[in-house]
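Work through the exercises below with the model open. Each task is followed by a solution in steps.

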Amino acid sequence: QLLAASKAFIFSLYNKDGYNPVKLTQYRNQQYAMYSCSNSGPRFGNGNDIYISNNALSNSASYTKCGYTYSVPTGYSVGNCGFFTGGQYFSPTDIEVFYEIGN
């Protein structure tokens, strides 16, 4: 299920480069801001800027790709990147997704 969310963004509190907290905003493909799938966790961005796999805590199939919907972090280019975790594939220890209800 695709969810176009014009105000959606990805926020990194911590990343492998030690940058201060970074907010990555949408710059294209807004119709893919976020979406859910019955056989995986949440996905963010066309091309899966962030993809959380099914049973993510027990495998390393989750991954990140930079710049398909959300802005590219400084020092990175569109495509496979390790901005968030140091590598393209990872096994998350904690996942938090927030959304606003109301106006």
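**Exercise 1. Find the residues of the aromatic cluster, then describe the pair formed by tyrosine 32 and tyrosine 35.**

Solution. Tyr19, Tyr76, Phe83 and Phe84 make up one aromatic cluster. This is a predicted model: local features need pLDDT of at least 70, side-chain atom pairs count only at pLDDT 80 or more, and totals for chains, interfaces and linings use all residues. Residues are numbered from 1 along each chain as its sequence is written, and side-chain values use heavy atoms, with hydrogens and water left out.

Step 1. Fix the criterion: rings of Phe, Tyr and Trp (its six-membered ring) pair if their centres lie within 6.5 Å; planes under 30 degrees apart are stacked, over 60 edge-to-face, and the rest tilted.

Step 2. Search the whole structure; six aromatic pairs turn up. Among them, tyrosine 32 and tyrosine 35 are edge-to-face, at 6.2 Å centre to centre with 65 degrees between the planes.

Step 3. Add accessibility. Buried means under 20% relative accessible area, exposed over 50%, partly exposed in between (1.4 Å probe, protein chains only). Tyrosine 32 has 25% and is partly exposed. Tyrosine 35 has 15% and is buried.

**Exercise 2. Describe the faces of strand β2 and its pairing with strand β3.**

Step 1. Strands (E, at least two residues) are DSSP runs, numbered from the N terminus, as are helices (H or I, at least four). Strand β2 covers residues 9-12.

Step 2. Sort its side chains. Ile10 and Ser12 form the covered face. Phe9 and Phe11 form the uncovered one.

Step 3. Two strands pair if DSSP finds at least two bridges between them. β2 and β3 (residues 22-25) pair in the antiparallel sense over four bridges. Here phenylalanine 11 stands opposite lysine 23 in β3.

Step 4. Follow lysine 23 to a ring. Its charged end sits over phenylalanine 9, 4.4 Å from the ring centre. The criterion is NZ of Lys or CZ of Arg within 6 Å of the ring centre and within 35 degrees of the ring normal.

**Exercise 3. Is serine 53 buried or exposed, and which residues does serine 53 contact?**

Step 1. Place serine 53 in the loop between β6 (50-51) and β7 (62-66). Its relative accessible area is 6%, so serine 53 is buried.

Step 2. List contacts (heavy atoms within 4.5 Å). Leaving aside neighbours within four places in sequence, serine 53 meets Ser40, Gly41, Asn59, Ala61 and Ser62.

Step 3. Look for a polar contact: a pair of N or O atoms within 3.5 Å; within protein, one must be able to donate a hydrogen and the other to accept it, and residues adjacent in sequence count only if both atoms are side-chain atoms. One of 2.9 Å joins the side chains of serine 53 and asparagine 59.

Step 4. Turn to serine 40, in the loop between β4 (34-35) and β5 (43-44). Serine 40 is buried, with 12% relative accessible area. A polar contact of 3.2 Å joins its side chain to that of arginine 43.

**Exercise 4. Where does leucine 57 lie, and which residues does leucine 57 touch?**

Step 1. Leucine 57 lies in the loop between β6 and β7. At 63% relative accessibility, leucine 57 is exposed.

Step 2. Not counting residues up to four places away in sequence, leucine 57 touches Ser91, Pro92 and Thr93.
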